[in-house]
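Subject: A structure for you to explore

Hi there,

Here is the structure I promised to pass on to you. Have a look at it first, and then read on for what turned up in it.

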Amino acid sequence: MAIAFELPAACSGAARALEVAELIKFDRFWSSHVAYLAKRLADIREGSGTMLDNTILLWGVESGTNHNHSPRDMQYLVIGGKNLGVNVGQYVDNTTAQSSNKLLTSVMNALGHAATGIGIEPKRGPLPGFLA
């Protein structure tokens, strides 16, 4: 199923409502799969916790809030990683528009790769507070 995330300026009313409804359906489909996977991993005992504690699930979108592919306005959901050093149970309000590459760098560090950055920002550094 293809869904247009950016609608033409002339698209309004019922057409816009239909597009929004399809986008919500699309997001619910994928979020239900992510939730299913997280639950399954949480139900499997492994070492000093669960498989979810030893795994990082990172779910993000392919474009930012303005659909411009900038690393400054991407939304991510991070699930698990407690035994990998992730500071779990927090919500990060990124109103300062920090680069999402800081999060990706932090995930690489949690997985044992001593990265200082990624992609177009090789020296961006990790996201403060992500790792405990």
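**Charged pairs**

Let's begin with a residue that is easy to find from the outside: Lys 39 is exposed, with a relative accessible area of 51%. Before going further, please keep in mind that this is a predicted model. The side chain of Lys 39 meets that of Asp 43 in a salt bridge, with 2.9 Å from N to O. Asp 43 is partly exposed, at a relative accessible area of 49%. The line between the two classes is drawn at 50%, so Lys 39 at 51% counts as exposed while Asp 43 at 49% counts as partly exposed.

How many salt bridges does a search of the whole structure find? It finds three. As general background, side chains of opposite charge can pair when their charged atoms come close.

Another of these bridges links Glu 22 and Lys 25, whose closest N and O atoms are 3.1 Å apart. These two residues are three apart in helix H1, so about one helical turn separates them. Glu 22 is partly exposed at 22% relative accessibility, and Lys 25 is partly exposed at 46%.

There is also a bridge between Glu 121 and Arg 124, with the closest N and O atoms 2.9 Å apart. Is Glu 121 buried or exposed? Glu 121 counts as buried, with a relative accessibility of 11%. Its partner Arg 124 is partly exposed, at 32%.

**The chain as a whole**

Now step back and look at the overall layout. The protein chain has two helices and four strands. Following the sequence from beginning to end, you will meet them in the pattern α-β-β-β-β-α.

The chain has 132 residues, of which 27% count as buried. About 8,600 Å² of the protein chain is exposed, and 60% of that area comes from carbon and sulfur atoms. If you take the contacts with a separation of 6 or more, 48% of them are between residues 24 or more positions apart.

**Helix H2 and Ser 106**

Next, find helix H2, which covers residues 100-110. Of its 11 residues, nine are buried, so H2 is largely enclosed by the rest of the structure. Among the buried ones are Ser 100, Leu 103, Leu 104, Val 107 and Ala 110. What do the buried residues of H2 pack against? They pack against strand S3 (56-60) and strand S4 (76-80).

Both ends of this helix are worth a look. At its start, a side-chain oxygen of Ser 99 comes to within 3.1 Å of the backbone nitrogen of Asn 101. Just after H2, Gly 112 has a positive phi of about 95°.

Inside H2, please pause at Ser 106. Ser 106 has a relative accessible area of 1%, and the cut-off for buried is under 20%, so Ser 106 counts as buried. Which backbone atoms does its side chain approach? A polar atom of the Ser 106 side chain lies 3.0 Å from the backbone oxygen of Lys 102. The side chain of Ser 106 also reaches the backbone nitrogen of Leu 127, at 2.7 Å. Setting aside neighbours within four places in sequence, Ser 106 touches Pro 126, Leu 127, Phe 130 and Leu 131.

**An aromatic pair and a surface patch**

Finally, turn to helix H1, residues 14-42, where you will find Trp 30. A pair of aromatic rings is described by the distance of the centres and the angle of the planes. The structure holds one aromatic pair. Its rings belong to Phe 29 and Trp 30: the centres are 5.0 Å apart and the planes stand at 80°, so the pair is edge-to-face.

Phe 29 is partly exposed, at 43% relative accessibility, and Trp 30 is partly exposed too, at 41%. Which residues form a nonpolar patch on the surface? Phe 29 and Trp 30 do, along with Trp 59 and Leu 77, and together these four have about 380 Å² of accessible area.

I hope you enjoy turning the model around on your screen and finding each of these places for yourself.

Best wishes

Key:
Residues numbered from 1 in each chain as written. Predicted model: local features only at pLDDT ≥ 70, side-chain atom pairs only at ≥ 80, totals over all residues. Heavy atoms only, no water. Buried < 20%, exposed > 50% of the residue type's maximum accessible area, 1.4 Å probe, protein only. Polar contact = N/O pair within 3.5 Å; in protein donor to acceptor, adjacent residues only side chain to side chain. Contact = heavy atoms within 4.5 Å. Phe/Tyr/Trp six-rings, centres within 6.5 Å; stacked < 30°, edge-to-face > 60°. Patch = residues over 30% accessible without salt bridge, like charges linked within 9 Å, V, L, I, M, F, W, Y side chains within 5 Å. Areas by Shrake-Rupley, 256 points an atom, 1.4 Å probe, with all protein chains shown as cover.
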